[in-house]
Amino acid sequence: MTSMIEPSVAVRLDTAELRGECVSTSQRAIADLAGIFRDEAARGALPGETPVYRVQVWAPTPENTPGGLAWGSTFIQPGKVGDEYFMTRGHFHARRDRAEFYVTVQGEGGLILMDEQRKVRCEWMRPGSVHYIPGHTAHRAANTGSSVLAFLAAWNIDAGHDYETIARHGFAARLREVAGAPALICEP
Ligand code: S6P
Ligand code: ZN
């Protein structure tokens, strides 16, 4: 008989918080998000240290391990820059064919998806919603609610992240508050 092994990572299913020695954390504040939001003046008017989102990642294998997987949690604070909801930078995967799953744990938001022809769609994120992000699709999550939006993600460790394309061309639509409700507004 061999003894049972305690898994090295655990997730709290009520908050999406990951716990474990090999979990890394990164933070993004307003000052880190230049050029991401539509209204740069409104972004500049907010204190630079205002937290926007935090990401936890568990990468059990080195990057570029063929067939390897990564697991993470993202926590987006409630808030807006002008009329645009706090959101992640957004990216394509560097290896374009790599897909990803998101599962919403708490809060409410929108998952903005854009294909390589710049066609945009947006899925509601609510506790329990499962989102399949196909390859060749840029993705960005926005918090449209008044509490933290938290979601789990699983993706191929060799997917990589292409932030450059988004930094240069942005998304073709933005999630903005119009008359008190979220609306996906196409960029001119
Ligand atoms: C990774 C996955 C998420 C994001 C996170 C932050 O492929 O999509 O873990 O990294 O939600 O978004 P971003 O766009 O700043 O990486
Ligand atoms: Zn991704």
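Start by selecting β5, which spans residues 69-76. This strand is mostly covered, as six of its eight residues are buried, where buried means under 20% relative accessible area, exposed means over 50% and partly exposed is anything in between, taken with a 1.4 Å probe on protein chains only. Strands here are DSSP runs of E with at least two residues, numbered from the N terminus.

Before you click on, a word on what's loaded: this is a predicted model, in which local features need pLDDT of at least 70 and side-chain atom pairs count only at pLDDT 80 or more, while totals for chains, interfaces and linings use all residues. Residues are numbered from 1 along each chain as its sequence is written, chains are lettered from A and ligands numbered from 1 in the order in which they are written, and side-chain values use heavy atoms, with hydrogens and water left out.

**Stop 1: the neighbours of β5**

Keep β5 highlighted and add β4, residues 51-58. These two strands run antiparallel and share six bridges; two strands count as paired if DSSP finds at least two bridges between them. For landmarks, show Y53, which stands opposite I76 in β5, and V57, whose bridge partner in β5 is G72.

Now add β13, residues 149-156. Eight bridges join β13 to β5, again antiparallel. Pick S73 and you'll find L152 as its bridge partner in β13.

**Stop 2: the whole six-stranded sheet**

Zoom out a bit. In what order do the six strands of this open sheet lie? Going across, you pass β3-β4-β5-β13-β8-β11, with antiparallel pairing. The edges are β3 (23-29) and β11 (130-133), each of which pairs on one side only. On average, neighbouring strands are turned by 20° against each other, direction ignored; the axes behind that angle are lines fitted to C-alpha atoms, and angles run from 0 to 180 degrees between N-to-C directions. If you turn on hydrogen bonds, remember that strands of a sheet pair through backbone hydrogen bonds, either parallel or antiparallel.

**Stop 3: the three-stranded sheet**

Next, select β10, β9 and β12, which form an open, antiparallel sheet in that order. Here β10 (120-125) and β12 (137-143) are the edge strands, each pairing on one side only. The twist averages 20° from one strand to the next. Look at β9 (residues 109-115), which pairs with β10 over six bridges in the antiparallel sense. One spot to label is M114, whose bridge partner in β10 is V120.

**Stop 4: the zinc ion**

Select ligand 2, the zinc ion, and show side chains around it. Which protein residues are its donors? They are H91 (NE2), H93 (NE2), E100 (OE) and H139 (NE2), lying 2.1 to 2.3 Å from the zinc ion. Donors are N, O and S atoms within 2.8 Å of the metal (3.2 Å for Na, K and Ca), and since water is not among the atoms, sites may look incomplete. Along the chain, the donors follow the spacing H-x1-H-x6-E-x38-H.

The site has six donor atoms with angles of 71 to 173° among them, and is octahedral. That label needs six donors with opposite ones over 155 degrees apart and all others between 65 and 115; four donors count as tetrahedral if all angles lie between 85 and 135 degrees, or as square planar under the rule used for six, and anything else is irregular.

Are the two histidines H91 and H93 buried or exposed? H91 is buried at 10% relative accessible area, and H93 is buried at 3%.

**Stop 5: salt bridges**

Side chains of opposite charge can pair when their charged atoms come close. A search of the whole structure turns up 14 salt bridges, each being a side-chain nitrogen of Lys or Arg within 4 Å of a carboxyl oxygen of Asp or Glu.

- Pick E84 and R174, whose side chains meet at 2.6 Å, N to O. The pair links distant parts of the chain, with E84 in β7 (residues 84-85) and R174 in β14 (residues 173-178), 90 residues apart. E84 is buried at 1%, and R174 counts as buried at 9%.
- Go to E108 and R126, with closest N and O atoms 4.0 Å apart. E108 sits in the loop between β8 (100-106) and β9 and R126 in the loop between β10 and β11, so the pair ties together parts 18 residues apart in sequence. E108 is partly exposed at 33%, and R126 is partly exposed at 39%.
- Try R12 and D14, a salt bridge of 2.7 Å, N to O.
- Finish by selecting R95, D97, R98 and D158, which are linked in a network of salt bridges.

Conventions
Helix = DSSP H or I, 4+ residues; strand = E, 2+ residues; numbered from the N terminus.
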